[in-house]
Amino acid sequence: MKINTILFDLDGTLVDTNELIIQSFLYTLNNYYPDKYKREDVLPFMGPTLHETFGGMDAERVEEMITMYRKFNHENHDVLVKEFDTVFETVKTLHEKGYKLGIVTTKIRSTVTMGLALTKLDQFFDVVVTIDDVKNAKPDPEPLLLALEQLGSSPDEAIMVGDNSHDIEGGKNAGTKTAAVAWSAKGRDFIESFHPDYMLEKMSDLLKVVGAE
C-alpha cells in the first residue's frame with residue numbers, strides 16, 4: 001500500500017534541539033551531582049522520558065529535577081534550538097502534496113509548541129501527540145496509534161521518522177514503516193542497529209521514499 005501518512009519525532013529529527021537538551025541535562029545534573037556528568041554521559045538520556053531518566057536516579061526528587069530541567073530548557077530554548085538542513089522544504093512539499101502529517105513526541109505540549117513556532121513548522125501539522133496525551137510513551141505503540149487514529153490513517157499506509165531507538169521500535173510495534181535519520185546525536189551506527197526500513201541522509205530523501213518527488 002502506498003504511504004500517505006508520515007509521523008515524525010520532533011527533537012533531533014525535525015528540530016535540532018540536541019544542544020538544548022544536553023545543556024538542560026548538564027545544568028540540572030550538576031546541581032544535584034556536581035561534576036559527575038559530562039556531555040557524553042547524558043547522550044543515553046536523549047529519547048526516554050524525563051520521568052524515566054530522573055526517576056532512575058532519585059525517585060524522591062524526580063519532580064523537582066524535572067521542574068529545574070524544564071525551566072532551563074524553556075529559558076534557553078530560542079537561543080539554542082536550530083533547524084536541520086532541508087527539513088522545512090521537505091515538510092512544506094509533503095503538506096502541499098496532500099500527505100497527512102503528524103508529530104509523535106515524548107515532550108510536553110508547551111515545549112513542542114515553542115519548537116514548532118520557532119521553526120515555523122507548526123503550519124504543516126494537523127496532529128501533534130505529546131507525552132501529555134498518552135499513558136505510555138514510545139516505544140509503546142499507543143502514541144503512534146493515537147496519531148494515526150486522529151489522522152484517519154492505518155499503520156500499513158504510514159511511516160514513522162525518527163532519530164532514536166524509541167522511534168524505530170515504536171513504528172515496528174505500531175505496524176508502520178520506519179525511517180531513521182543519519183544525523184542522530186547517538187550516531188548513525190546506533191540508529192542503524194535497530195534496522196529501520198529506510199535511512200535518510202538528509203530529510204529531503206524522504207520525498208523519494210514516499211513517492212513525493
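This is a short talk on the cores, salt bridges and unusual backbone spots of one structure.

Hi everyone, thanks for having me. Before anything else, please keep in mind that this is a predicted model.

Let's start on the inside. The largest nonpolar core holds 33 residues, and the members that touch the most others are Ile-6, Phe-8, Leu-14, Leu-94, Phe-125 and Met-203. Where do these residues come from? Several elements give two or more residues each: strands 1 (5–8), 4 (100–104), 6 (158–162) and 7 (177–181), together with helices 5 (87–96), 6 (109–118) and 10 (205–209). Helix 5 gives the most, with three residues. As background, nonpolar side chains in soluble globular proteins tend to be buried together.

If you have the model open, click on Met-203. Setting aside its neighbours within four places in sequence, Met-203 is in contact with Phe-8 and Leu-14, and also with Thr-13, Val-161, Val-181 and Trp-183. Its contacts further include Asp-85, Thr-86, Val-87 and Thr-90. Please remember Thr-86, as we will come back to that residue. A separate core of 17 residues lies apart from this one, and among its members are Ile-22, Tyr-33, Met-46 and Leu-50.

Now for the charged side chains. How many salt bridges are there? The count comes to eleven, and I'll walk you through a few.

Take Asp-58 and Arg-61, whose side chains meet with 2.7 Å from N to O. Is Asp-58 buried or exposed? Asp-58 is buried, because its relative accessible area of 16% falls under the 20% cut-off. Its partner Arg-61 has a relative accessible area of 30%, so Arg-61 counts as partly exposed.

Next, look along helix 5, the same element that gives the most residues to the largest core. Here Glu-96 forms a salt bridge with Lys-92, and their closest N and O atoms are 2.8 Å apart. The two residues sit four positions apart in helix 5, about one turn of the helix. Glu-96 is exposed, at 54% relative accessible area, while Lys-92 is partly exposed, at 34%.

Helix 9 (residues 188–192) has a pair with that four-residue spacing as well, again about one turn: Arg-188 and Glu-192. In this salt bridge the closest N and O atoms are 3.6 Å apart. Both partners are partly exposed, with Arg-188 at 31% relative accessibility and Glu-192 at 34%.

There is also a network of salt bridges, linking Asp-9, Lys-138 and Asp-167. Lys-138 brings me neatly to the backbone.

Which peptide bond is cis here? The one from Lys-138 to Pro-139, with omega near 15 degrees. Pro-139 is found in the loop between strand 5 (127–129) and helix 7 (142–151). For context, most peptide bonds are trans, and most residues other than glycine have a negative phi.

That takes us back to Thr-86, which is not a glycine but has a positive phi, near 70 degrees. Thr-86 sits in the loop between strand 3 (82–83) and helix 5. Thr-86 is buried, at 15% relative accessible area, and is one of the contacts of Met-203.

The other residue I'd like you to see is His-195, with a positive phi of about 55 degrees, and not a glycine either. His-195 lies in the loop between helix 9 and strand 8 (198–200). Is His-195 buried or exposed? With a relative accessible area of 59%, His-195 is exposed.

That's my tour, and I'm happy to take questions.

Note on methods:
Residues numbered from 1 in each chain as written. Predicted model: local features only at pLDDT ≥ 70, side-chain atom pairs only at ≥ 80, totals over all residues. Heavy atoms only, no water. Core = buried A, V, L, I, M, F, W, Y, C linked by side-chain atoms within 4.5 Å. Buried < 20%, exposed > 50% of the residue type's maximum accessible area, 1.4 Å probe, protein only. Contact = heavy atoms within 4.5 Å. Salt bridge = Lys/Arg side-chain N within 4 Å of Asp/Glu carboxyl O.
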